[in-house]
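Got your viewer ready? Load the model, keep the selection box handy, and let's walk through it stop by stop.

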Amino acid sequence: MTNTLFSHHLTTPTPIAMPAFRACAALDGALSDEANKTCASDLFEAFLDNFGPDIAYAATSGRSRWTPKLVKPTATKLKRMREVIANGFNTHTGMRLYGPDTNALGKPAVPFLSITQVYPTFIVIDIAVPHDHPNRDAFAQASDRALRLAKLMAGYQGFGFFKSPISGLADNNLPVASDRFRAATMAEWMGNPSCTLWSPRTADNWPGYEAGITELGWRTYVGRMFTDRITAAPAASLTIEDMPNMQIVTAGPAPIWGDVNANEDITAYKDAYAYLAPAFTSRDMLRSSTLGGIPSYDPARAAVVDGYLNRFA
């Protein structure tokens with residue numbers, strides 16, 4: 001049984017992240033683009049179909065920061081959310097659905113869906129659902145179908161740990177679960193858009209900077225803007241699907257945690273990493289963006305971040 005993570009960086013041990021099945025992506029363009037609109041609409045409906053009774057809160061934002069106010073997911077609220085998707089977002093507009101706060105975190109968390117137009121040409125989708133929910137596999141298939149329709153830059157599906165976005169706890173309080181759960185994702189997808197969306201300002205400040213994918217899961221989605229960098233032949237453990245808008249790399253027949261105590265074999269994930277390594281964003285960018293980044297004065301923190309980034313190396 002995979003457990004809630006506790007942080008020991010705080011005064012007392014504090015629950016900070018829950019086990020979840022994640023489906024996350026960065027999309028190119030606006031939600032008004034037909035492909036992205038269809039993807040977002042299909043994700044929204046699949047989320048409601050599979051987890052509707054478990055949704056406790058809804059939130060929308062038209063500003064650069066999320067408002068803390070959560071409301072009940074009434075039929076009227078959900079209808080308005082559908083209308084927003086149909087009409088297209090403005091920059092900094094987004095919507096979220098949350099599960100209840102009757103969990104170990106004491107905060108609204110899984111099942112969670114977030115769709116945000118971060119920039120005019122950059123959409124972030126972040127989904128976390130209960131890892132042991134009976135509808136998990138059905139949703140994994142439905143969300144996979146939806147993501148294939150989008151103008152996708154990067155994305156992944158797989159097991160990981162999810163920190164409630166309204167927990168108020170910094171990412172650098174996240175414990176290192178990768179020593180025990182080698183295949184689990186931990187990084188916050190929205191940490192730094194420049195990791196995936198190429199930025200000329202970033203290029204001026206970071207020698208050797210390249211945008212790319214930022215995370216590897218059971219399924220990893222690679223947009224065509226990054227696939228040309230992949231030149232190696234894939235290992236037999238991988239399923240490679242070439243589509244006009246992306247390449248999809250699947251590591252093994254089903255998602256795993258890579259639980260060391262259960263002797264779960266992560267060879268397929270290592271093979272996926274070896275194959276996809278050229279498509280990742282620059283290592284310096286990843287180190288500065290993953291798990292809260294690395295303060296210049298904290299070599300111990302650098303070891304934590306590098307340990308996570310190197311878990312498949």
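## Stop one: a loop

Select Thr 74, which you'll find in the loop between strand S3 (57-61) and helix H2 (75-87). Helices (H or I, at least four residues) and strands (E, at least two) are DSSP runs, numbered from the N terminus. Before you go on, know that this is a predicted model: local features need pLDDT of at least 70, side-chain atom pairs count only at pLDDT 80 or more, and totals for chains, interfaces and linings use all residues. Residues are numbered from 1 along each chain as its sequence is written, and side-chain values use heavy atoms, with hydrogens and water left out.

Is Thr 74 buried or exposed? Neither: Thr 74 is partly exposed, because its relative accessible area is 38% (buried means under 20%, exposed over 50%, partly exposed in between, with a 1.4 Å probe and protein chains only). Now add Ala 58: the two residues are 16 apart in sequence, and their C-alpha atoms are 8.7 Å apart in space.

## Stop two: aromatic rings

Next, show the rings. Rings of Phe, Tyr and Trp (its six-membered ring) pair if their centres lie within 6.5 Å; planes under 30 degrees apart count as stacked, over 60 as edge-to-face and the rest as tilted. That rule gives 14 aromatic pairs. Pick out Phe 21 and Phe 159, an edge-to-face pair with 6.1 Å from centre to centre and 85 degrees between the planes. This pair links distant parts of the chain, 138 residues apart: Phe 21 is in strand S2 (residues 14-28) and Phe 159 in strand S7 (residues 152-162). Both Phe 21 and Phe 159 are buried.

Then select Phe 181 and Trp 257. Their ring centres are 5.9 Å apart and their planes at 65 degrees, so this pair is edge-to-face. Phe 181 and Trp 257 are both buried, too. Add Phe 161 and you have a cluster: ring pairs link Phe 21, Phe 159, Phe 161, Phe 181 and Trp 257.

## Stop three: helix H8

Now highlight helix H8 (residues 299-309), whose buried residues are Arg 301, Ala 302, Val 305, Asp 306, Tyr 308 and Leu 309. Look down the axis of H8: these buried residues fall within an arc of 155 degrees, so they line one face of the helix (the arc is that of the directions from the helix axis to the C-beta atoms). On the face turned away from that buried side, select the exposed residues Pro 299, Ala 300 and Ala 303.

Last, click Arg 311: its charged end sits over the ring of Tyr 308, 3.9 Å from the ring's centre (this needs NZ of Lys or CZ of Arg within 6 Å of the ring centre and within 35 degrees of the ring normal).
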